[in-house]
Amino acid sequence: MKHTTHKRVLFDGLRTLAESSADDMAATIERLYHPDATWRGSHPINELAARDDILNQVWLPLRTAMPDMERRDDIVVAGEFEGRDFVACVGHLTGTFSAPWLDIPATGKTLTVRYGEVHQMRDGKIVQTTMLMDVLDVIRQSGYWPLPPSMGLEMRWLAPFTGDGVRLDSTDPERGAEAMAFMREMQNVLGQYNDLEDNTREGLIRMPQKDYWHDKFMWYGPCGIGTTRGLEGFVDGHQLPFRIAFPNRDGGNHYIRIGDGPYSVTGGWPSVYGNHLGGGFLGTSPTGRRITMRVMDFYLEHEGKLRENWVPIDMLDILLQMDIDILARMRLQHQGRCG
């Protein structure tokens, strides 16, 4: 029951927060967030250690940028990991882009800010938020593109095919455990594949991951990578160039692994470590550096397979570790247009 309560509290409370007036936001955050709350998320905001900072560096700037902002959740799930309670969400903040945000020029047109969120709960309130907003996608919607073309399709992420992503009612914990176990089996298969032995398209299509992905599998990647369809689309649009760039990556620092019905969620801060040894990923040349990645994965199991995978990633943080400052590039493009 506590997970059902947490989901309902956050579904209503976070929507109220997004749609509050600037004057009401402080009171809403005080109701939602524990006095000891911390926040961490996408570059350039990164990590915050106080409720006032969450207000002044996250929500008030978003409210200023989109005065008519509203929240649209596509996935709301909950569970327990290592004795801690979590609620995880995927969705979009939507409104009219009326004022700059993070120095990204406003367009006066509709804007959608994609997010993946994990909220740790304590005493009925949020004690820590991890929120990966797709800042690069906001730059794209503003008409600037500081990278080579994406391998996948740049599009608004679709809601779950089954239409049941917002799971506010109680669910069978055994079904959630089964979904998480199936997801973990697939992740272990990916981790066991040796890129240095056979890092080819054919090898990735042939290897046992094919036993886990649905024939109509959708992989929703962050801006810069894009969305792909089916196993071959996934291999061509993301997996092969990524694994060439970062062969035999390591994992760790997972703060969430939960299942809720047919959904499962993992995330770490960071959760992926890779040596940047190959070229081509996001148009970059290999730096030889050790790169960390802030990643979340949301999965839907359907018809005995993984049907959909939503993957928020902090792309600006990854690129900055390669000496590619996306916000600086955008500012140069903007200056060029403004003369």
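In the predicted model, D164 is partly exposed, its relative accessible area being 27%. The side chain of D164 forms a salt bridge with R167, with 3.3 Å between the closest N and O atoms. R167, in contrast to the partly exposed D164, has a relative accessibility of 15% and is therefore buried, since this value lies under 20%.

R167 also takes part in a salt bridge with D260, for which the closest N and O atoms are 3.6 Å apart. This contact joins distant parts of the chain: R167 lies in the loop between α4 (135-141) and α5 (173-192), whereas D260 belongs to strand β10, 93 residues away. Both R167 and D260 are buried.

D260 is in turn paired with K7 through a salt bridge with an N to O distance of 2.8 Å. Here too, distant parts of the chain are linked, with D260 in strand β10 (residues 254-260) and K7 in helix α1 (residues 2-19), at a separation of 253 residues. The relative accessibility of D260 is 2%, so D260 counts as buried under the 20% limit. K7 is likewise buried, with a relative accessible area of 2%.

Taken together, K7, D164, R167 and D260 are linked in a network of salt bridges. Within this network, R167 pairs with D164 and with D260, while D260 pairs with R167 and with K7. Such pairing can arise because side chains of opposite charge can pair when their charged atoms come close. The structure as a whole holds 24 salt bridges.

Methods. Residues numbered from 1 in each chain as written. Predicted model: local features only at pLDDT ≥ 70, side-chain atom pairs only at ≥ 80, totals over all residues. Heavy atoms only, no water. Salt bridge = Lys/Arg side-chain N within 4 Å of Asp/Glu carboxyl O. Helix = DSSP H or I, 4+ residues; strand = E, 2+ residues; numbered from the N terminus. Buried < 20%, exposed > 50% of the residue type's maximum accessible area, 1.4 Å probe, protein only.
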